[in-house]
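Student: I am new to reading protein models, and I would like to learn how one goes from a single residue to the whole chain. Could you take me through it step by step?

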Amino acid sequence: MMSLFFPNKWDFYWSLLPAVPAMLILALFSQRSKIWLSKKQRLFSIIPAVFAIALLADIAVQMSILWRIDFQFSLAHGLAILLATVGLVYASKSKHMRDLPVDWSRPD
C-alpha cells in the first residue's frame, strides 16, 4: 500500500520531515502549564511561525516528489499540496492564530 503513494521509500521519509515542527508545537501545547510556571511564555510566540514553516516544508517536499516523477498526476501529492496551501492561507488570515501567542502568554 505504501508503494502506491510513495514508489521511492525515501519519499516517505522526506514526507515525515515536516512533522518535526508539528511535534514541537504539540510539545509546547502539552507543556503549557510548566512553561507558565517557569516564566518562559515567549515560547508561545513561535507557534504561528513554526506552523507556517511546517506547511512550507510540506509543500517543498511534495513539490520535490512531483518534480522527481516529472509532474505526473498524483492525487495524494496534489491533495497534500492543496491542504498545506489552505493551511497557509488560514495561518495568514486567522485572527485565532494571530491572537494565540498573546492569549497563551498569560495563565487562566
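Student: Let us begin with His77: does this residue count as buried or exposed, and at what relative accessibility?

Tutor: The model is a predicted one, and the general idea is to compare the relative accessible area of a residue with a cut-off, since buried means under 20%. His77 has a relative accessibility of 4%, and therefore counts as buried. This residue lies in helix H6, which covers residues 75-93.

Student: With which side chain does the side chain of His77 make a polar contact?

Tutor: The partner is the side chain of Gln62, at 2.6 Å. Gln62 is itself listed among the buried residues of helix H5, so this contact is made between two residues that both count as buried.

Student: Which other residues of H6 are buried, and how do they lie around the helix?

Tutor: The general idea is that an α-helix has 3.6 residues a turn, so residues three or four places apart point the same way. In H6 the buried residues are His77, Ala80, Ile81, Ala84, Gly87 and Ala91. Viewed down the axis of H6, they fall within an arc of 125°, so the buried residues line one face of the helix.

Student: Which exposed residues are carried by the face of H6 that is turned away from its buried side?

Tutor: That face carries Leu75, Leu83 and Lys93, which are exposed.

Student: How do I check the length of H6 against what is expected at 1.5 Å a residue?

Tutor: One compares the expected span with the distance between the end C-alpha atoms, bearing in mind that the expected span is 1.5 Å times one less than the number of residues. For the 19 residues of H6 the expected span is 27 Å, and because its end C-alpha atoms are 27 Å apart, the two agree. Helix H5, with 22 residues from 47 to 68, can be read in this way too: from its first C-alpha to its last it reaches 32 Å, close to the expected 32 Å.

Student: Which residues of H5 are buried?

Tutor: They are Ile47, Val50, Ala54, Leu55, Asp58, Ile59, Val61, Gln62, Ile65 and Leu66. Ala60, by contrast, lies in H5 but is partly exposed, with a relative accessible area of 45%. Ala60 also shows how separation in sequence and in space can be set side by side, for Ala60 and Arg42 are 18 residues apart in sequence and 28 Å apart in space, taken from C-alpha to C-alpha.

Student: What should I look at in the loop between H5 and H6, where Asp70 and Phe71 lie?

Tutor: Backbone angles are a good place to start. Asp70, which follows H5, has a positive phi of about 55° although it is not a glycine. Phe71 lies in this loop as well, and its phi is likewise positive, near 55°, in a residue other than glycine. As for accessibility, Asp70 counts as exposed at 64%, while Phe71 is partly exposed, with a relative accessible area of 47%.

Student: Is Ser74, in the loop between H5 and H6, buried or exposed, and with which residues is it in contact?

Tutor: Ser74 counts as buried, at 18% relative accessibility. When its neighbours within four places in sequence are left aside, Ser74 is in contact with Leu66 and Ile69.

Student: How many salt bridges are counted, and which side chains meet there?

Tutor: Side chains of opposite charge can pair when their charged atoms come close. Here the count comes to one salt bridge, in which the side chains of Arg98 and Asp99 meet at 3.7 Å, N to O. Arg98 is exposed, with a relative accessible area of 52%, whereas Asp99 counts as partly exposed at 36%.

Student: How many helices and strands are there in the chain, and how spread out is it?

Tutor: The chain has seven helices and zero strands. Its radius of gyration is 17 Å, well over the 13 Å that the globule rule gives for 108 residues, so the chain is more spread out than a compact globule. Along the principal axes, its C-alpha trace spans about 50 × 25 × 20 Å. Of the 108 residues, 31% count as buried.

Student: What share of the contacts in the chain with a separation of 6 or more comes from residues 24 or more positions apart?

Tutor: Such residues account for 62% of those contacts.

Terms used: Residues numbered from 1 in each chain as written. Predicted model: local features only at pLDDT ≥ 70, side-chain atom pairs only at ≥ 80, totals over all residues. Heavy atoms only, no water. Helix = DSSP H or I, 4+ residues; strand = E, 2+ residues; numbered from the N terminus. Buried < 20%, exposed > 50% of the residue type's maximum accessible area, 1.4 Å probe, protein only. Polar contact = N/O pair within 3.5 Å; in protein donor to acceptor, adjacent residues only side chain to side chain. Salt bridge = Lys/Arg side-chain N within 4 Å of Asp/Glu carboxyl O. Arc of directions from axis to C-beta. Rg over C-alpha atoms; globule rule 2.2 N^0.38 Å. Contact = heavy atoms within 4.5 Å.
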